[in-house]
Amino acid sequence: MPGLKEMRALCDRLVALVLALGVFAAAVATSRATPYDDALARFTADSFAETIEGINRLVASGNPLAAIVIGALQDGRLFFSAATKRVFIKDTSERWLDAADGRPIVGAAPADLAPVRLNNRLRGIVAAALGSLTLMSPDPARRLEAARAVFKSHDPNALPALDQAIAKETDARVKQALLEARASVILYLDSASDPDKIEAIGMIRQRGDQEALALLGGLPGSTSAPVKKAAAEAIASIENGLAVWAALQNMWYGLSLGSVLLLAAIGLAITFGVMGVINMAHGEMVMLGAYTTFVVQEVIRARQPALFDYSLAIAIPAAFVVAGTVGILVERGIIRFLYGRPLETLLATWGLSLILQQSIRTAFGPTNKDVGNPSWMSGAFELGQITITNNRLWIIVFTLLVFAGLLGLLRFTRLGLEMRAVTQNRAMAASMGIRTSRIDALTFGLGSGIAGLAGVALSQIDNVSPNLGQGYIIDSFMVVVFGGVGNLWGTLLGAFTLGIANKFLEPYAGAVLGKIIILVLIILFIQKRPRGLFALKGRAVEA
Amino acid sequence: MSDGLAAIANLFGRALDRASIAFLVTLAVVAAVVPLLNLAVPATSPFHLSSYFVALFGKYLCYAILALAIDLIWGYCGILSLGHGAFFALGGYAMGMYLMRQIGTRGVYAHPILPDFMVFLNWPELPVYWYGFDHFVYAAFMVLFVPGVLAFVFGWFAFRSRVTGVYLSIITQALTYALMLGFFRNNLGFGGNNGLTDFKDILGFNVQAPGTRAALFAASAFALMLGFVICRVVVSSKFGKVLVAIRDAEARTRFLGYRVEAYKVLVFTLSACMAGVAGALYVPQVGIINPSEFSPANSIEAVIWVAVGGRGTLTGAVLGALLVNYGKTYFTSGVLAPYWLFVLGGLFIAVTLLLPRGVVGTARHWWREWQARRVAASTARNGALASEASASAHAAE
């Protein structure tokens, strides 16, 4: 229920603001027949026209209470007493405040209190008024927010406040937003001259996002021809710019998908490369990793909730060990009896995958499990006009780390050396004294362990269910087949190519058709290069 | 002319050994007796077979044809296709389209031309590829033609570029996966997610009627017999010997001058056509065809039927399909349902590890060993007798 939580936070903040301003208001003497009092009096007339006037005067008064009064009006917490001609605010803790000085009233509230009524037109005005009031807020973030609100509403009433705010603004970012907001107001102001409007269009064009496009596209029909022309040009240029951004966004999605594919496929590539074994249960190793994450999080939630942010750091080695151990057991128990019979291995591991899936279903139930994001992985930020979610970013980083780690292991450790030797020439490696059966078991364990790591990552972006692995297995095969066997760089290139191609096809062909096209392209590609992009050469190929 | 006839007779004579004929006779008896027990015996009699039973075993017979098709390429040519369900489903869709067109105005929307789902999805008119499916002969032709052409094109590309072994298995799997995704789409014009269903008539007979079901059962049994004979003829001919050579040593066969690709494409296409027929018979009996028939899991399951029965033994493929599917029905219809996947998974592992020849293959292996031992024993005894005789002759001298 994030919505509820945010609302509550907002309410708390409002209360604090009301109280703070109340104290502030108490400090300034308030007993003058000011424009502020005059404005308040208009709310007691119970007429929409008078209320509008009241709002405009409140804004012009510059009184710090104005924002509170209008805020109360927006929330339906502003009441008036027709008899005493006074206005009251009901604060969030149900106390009555006198709108004239912002202090709680002494004694009972008047008997004839009635809410100040609003209609839709008024609501718009209220929102704009609040926007222009907050333009002067001491908090730059609120000023920025207000400027953006005005940009969207292009309410002409905000113009004086904008001009004032621009003159005083020191923060460059807020100033830019204010200038853009002013440009949007001018663009829609009937009284503004054409050159002013065209200048405003130039300003908006520089902004170049979807909102600017909406603003320019929504110009009324009465706009003069030169302005229309300038707007059309600006729209064209913004659309070009947006297309570039959209391509970049697709690129990002593609990288993200590619990293997921890479994580899922690396393990497969190793076992296939070294042992020539297609492990159909590979997807289930991924699933085991995801469920390990789930179990780790459950234990942490129950015992040490404070550690929740570190749950993934605990889950990563745990998943590696769990999946790796299962992998070694599988190799020792099933696969080693089937060497030289790759098709039978394929069938046996498929059977294994059914058993693993059903075991998990029996143990944890068929429903999706809730695996949480640690706080440092949730959220998103904007880079230019593309949105980057933190969890995807971390997964890319994690994938590259795993890839680099694996590359290092293959290149710099004894195990890696022996694995490469067995990949290249099993018989020769054996005659050099390498215990190939031990290497096979360790390789299979390593590949499965990496699948477990992939499970940890996938648990952050996908549903954790017994079918988790099934969704990735065919894609992982495609990556391995496309990239070529026995070469991790091929897998890397294959994964990212497929990921990016998939995401670039999606907008044109739709997700499903995009996938079909990719599959067909791979089937055709296999015809040209039956052993992938980076094929091993030499005797190992025919072995 | 008579030479040709003699050659054909010779071919059949060689193809149909005693075991094959026994198998065919059994099937023929089943094809005759099951419908009889269903239709002619009153429901109260203990010998009566329910229509449910007939439909269920009719379905198994279709699976058996699919198993036969897989065994032909896997058992005799070493091509492990993990996408044979695709050809099965395509045949099924061709038949389903015919059955859809037979509904006529009896659909929910009572549209004179368009099937219900097209009315529902606002299709303006019948797509061109649906033309002709109101004729049974055309539909029956498409049942063979569509899987055949797909298999030919796919096989021609794949085998010509020498995609073999696990690579071929994986891309056949990708093929059926892609088809599944495609058929799930509504705008392909095959009913999308829901597939084709609510069939009414086949050749003017109500598909639900017991008589039609019994006839479909008999037709499935007959198709299985025909498929078996074709496979026997293929594998016992010279062509079949080359297939086995390709299975056992592809490179060597190529070096001997055989065009391996041509053999493979031909047998792959034949097998796909058989799978298509199986699908076409399957659809009217189960009453629905939808894209999940394309799912890779189905195709792999079909492979395990063959493995259980014994790859490279045609009777084994049929027996495996019947056994595994009966087991599946038995397990999934009772309290044991959650354990079926354990059983199926265990079957995959156990068969590959412990029984690589399959049930029939193992039985045949033992039989041959036993015979060989008997022959050896008898020759030894004869030898002993002979030497004894010569010894006594010496003594007499």
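Which residue of β4(A) is the bridge partner of Phe79(A)? The answer lies in a sheet of chain A, and since the coordinates come from a predicted model, it helps to begin with the confidence that accompanies them.

For the complex, the predictor reports an ipTM of 0.87 together with a pTM of 0.76. Chain B has a mean pLDDT of 90, with 96% of its residues at 70 or more. Among the elements of that chain, the lowest mean pLDDT, 80, belongs to helix α1 (residues 2-15) of chain B, whereas helix α11 (residues 260-286) of chain B has the highest, 96. Where pLDDT is low, the predicted coordinates should not be read in detail.

The opening question leads to an open sheet of 4 strands in chain A, whose order is β3-β2-β1-β4 and whose pairing is antiparallel. The edges are taken by β3 (96-98) and β4 (113-115) of chain A, each of which has a single partner strand, so one side of each is left without a neighbour in the sheet. From one strand to the next, the twist averages 35°. Strand β1 (residues 78-81) of chain A pairs with β4(A) in the antiparallel sense over 3 bridges, and within this pairing the residue of β4(A) that serves as bridge partner of Phe79(A) is Pro115(A).

A further antiparallel pairing in chain A joins strand β5 (residues 380-383) of chain A to strand β6 (residues 386-389) of chain A, over 4 bridges. Here Glu382(A) has Thr387(A) in β6(A) as its bridge partner. The two strands form a hairpin with 2 residues between them, in which Gly384(A) takes a positive phi near 60°.

Turning to the helices of chain A, helix α2 (residues 35-42) of chain A and helix α3 (residues 48-61) of chain A have axes that come within 7 Å and cross at roughly 160°. Because of that angle, α2(A) is roughly antiparallel to α3(A), and the crossing in which α2(A) passes α3(A) is left-handed. On the α2(A) side the contact involves Pro35(A), Tyr36(A), Asp38(A), Ala39(A) and Arg42(A), while the residues of α3(A) include Glu50(A), Arg57(A) and Leu58(A). By class, the residues of this contact divide into 5 nonpolar, 3 polar and 5 charged.

Chain B offers a second helix pair, in which helix α3 (residues 51-77) of chain B and α11(B) pack at an angle of about 170°, with their axes 9 Å apart. This angle makes α3(B) roughly antiparallel to α11(B). Residues of α3(B), among them Ala55(B), Cys62(B), Leu66(B) and Ile73(B), meet residues of α11(B) that include Val267(B), Phe268(B), Met274(B) and Leu281(B). The residues of the contact of α3(B) with α11(B) comprise 18 nonpolar, 3 polar and 2 charged.

The last step is to see how the chains meet. Between them, 32 residues of chain A are in contact with 38 residues of chain B. On the side of chain A that touches chain B, the elements giving two or more residues are α14 (342-364), α19 (470-483) and α21 (511-528) of chain A, and the largest share of that side, 14 residues, comes from α14(A). Sorted by class, this side of chain A has 25 nonpolar, 5 polar and 2 charged residues.

How values were computed: Residues numbered from 1 in each chain as written. Chains lettered and ligands numbered in written order. Predicted model: local features only at pLDDT ≥ 70, side-chain atom pairs only at ≥ 80, totals over all residues. pLDDT = per-residue confidence, 0-100. Axes fitted to C-alpha atoms, helices over the stretch in contact; angles between N-to-C directions. Parallel < 35°, antiparallel > 145°, perpendicular 65-115°, else oblique. Left-handed = near helix turned anticlockwise from the far one by under 90°. Contact = placed C-beta atoms within 7 Å. Nonpolar A, V, L, I, M, F, W, Y, C, P; charged D, E, K, R; others polar. Pairing = 2+ DSSP bridges.
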